[in-house]
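User: Please show me how to read the features of this model one at a time, with the general idea first and the case at hand second.

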Amino acid sequence: MSLSQQRILIIGGSNGMGLAAAQRLAALQADVMIVGRSQEKLDKALSAIEGPAAAYVADFTDAQSLGALFQRVGHIDHLVLAASSSAAWGPFSSVGATALRGALEGKLLGYWQTLQAALPHLRRDGSVVMLSGAASRTAMPGTAGLAAVNGAITQMAQTLAKELAPLRVNVVSPGLVDTPAYEGMPADGKAAMFAGAARSLPVGRTGTSDDIAEAIVYLLGNGFTTGALLDVDGGARMAGSGSMNGDQSPA
Ligand SMILES: NC(=O)c1ccc[n+]([C@@H]2O[C@H](COP(=O)([O-])OP(=O)(O)OC[C@H]3O[C@@H](n4cnc5c(N)ncnc54)[C@H](OP(=O)(O)O)[C@@H]3O)[C@@H](O)[C@H]2O)c1
């Protein structure tokens with residue numbers, strides 16, 4: 001299915017995987033719209049996209065902001081949910097209710113209410129791609145909070161693929177990818193985490209935003225795929241029982 005001229009809204013399109021997807025889609029002549037909270041990041045992202053693209057400031061955790069966004073955007077053919085504002089990361093005993101609530105609101109609830117707000121504007125037989133996370137696909141100590149949030153996204157997507165048909169609903173589950181999400185980490189801790197992960201993965205490296213973008217574009221364009229979960233994680237599901245018990249952040 002050609003994505004040329006298709007109106008595709010990417011929540012979280014100003015950085016990382018969402019931006020990489022916007023770049024690929026613009027190259028395919030899609031009508032790309034990126035969303036984030038920071039105008040500055042959106043401006044920078046627009047300058048990195050070759051082709052037609054528009055940017056909108058909105059916060060996907062805020063229902064009013066979403067309402068205003070969809071009034072401005074109008075009709076769309078496809079929706080990509082690639083944002084996350086907060087993650088509950090660390091050993092189970094250290095993740096309090098406030099942190100978990102923040103992570104649920106900053107991702108699961110954001111996806112939930114964005115899709116609800118989008119539905120009246122979304123083509124009936126268009127599609128949605130949601131990004132979950134590999135922590136929900138493997139038993140890795142230190143990632144129970146990530147597993148809970150991302151596992152819920154995977155499960156709800158499969159139900160929605162039936163309930164909202166002919167709209168197609170698919171999920172990409174990314175493994176560890178070096179994006180601005182890790183900017184706040186101390187450089188040596190980050191380097192050690194990425195090097196350790198690369199050693200443990202069957203493919204011998206961590207991911208790039210473009211690895212994930214390629215999967216997003218595939219799911220948007222393949223009209224015979226719905227309710228699918230695509231693991232783009234370098235084989236993290238088979239990588240053994242490594243742990244992420246440090247105080248590092250996201251995913
Ligand atoms: N990176 C990884 O290793 C990894 C692994 C597994 C899963 N994931 C998941 O993959 C997705 C993309 O991750 P990433 O690493 O590419 O993230 P990223 O580089 O941190 O980019 C996040 C994007 O989301 C936007 N955003 C954040 N909160 C928002 C909000 N409340 N409303 C609207 N936009 C918001 C950000 O812009 P503003 O800050 O300006 O709002 C930015 O454009 C996330 O769902 C993440 O959980 C990532």
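User: As what does Gln 29 count by its relative accessibility?
Analyst: Buried means under 20% relative accessible area, exposed over 50%, and partly exposed in between (1.4 Å probe, Shrake-Rupley method, with only the protein chains shown as cover). Gln 29 counts as partly exposed because its relative accessibility is 42%. This is a predicted model, in which local features need pLDDT of at least 70 and side-chain atom pairs count only at pLDDT 80 or more, while totals for chains, interfaces and linings use all residues. Residues are numbered from 1 along each chain as its sequence is written, and side-chain values use heavy atoms, with hydrogens and water left out.

User: What is the phi of Gln 29, and where is this residue placed?
Analyst: Most residues other than glycine have a negative phi. In Gln 29 phi is positive, near 70°; the residue sits in the loop between α1 and β2 (31–36), with helices (H or I, at least four residues) and strands (E, at least two) taken as DSSP runs numbered from the N terminus. Gln 5 also has a positive phi, near 70°, and belongs to the segment before β1 (7–11). Gln 5 counts as exposed because its relative accessibility is 59%.

User: Which peptide bond is cis?
Analyst: Most peptide bonds are trans. The bond from Ala 165 to Pro 166 is cis, with omega near 15°, and Pro 166 lies in the loop between α5 (144–163) and β6 (168–174).

User: How should I read the surroundings of the ligand, and which residues come nearest?
Analyst: A residue is near a molecule if one of its heavy atoms lies within 4 Å of it. The ligand has 32 residues around it, of which Ser 14, Arg 37, Lys 41, Thr 179 and Tyr 182 come nearest. An N or O atom in the side chain of Thr 179 is 2.5 Å from a ligand oxygen atom, and a polar side-chain atom of Tyr 182 is 2.7 Å from an oxygen atom of the ligand. The protein buries 95% of the 890 Å² that the ligand exposes when taken alone.

User: Is Ser 127 buried or exposed?
Analyst: Ser 127 counts as buried because its relative accessibility is 0%. This residue lies in strand β5 (residues 122–131). Its side chain makes a polar contact (a pair of N or O atoms within 3.5 Å, one able to donate a hydrogen and the other to accept it) with the side chain of His 78, at 2.8 Å.
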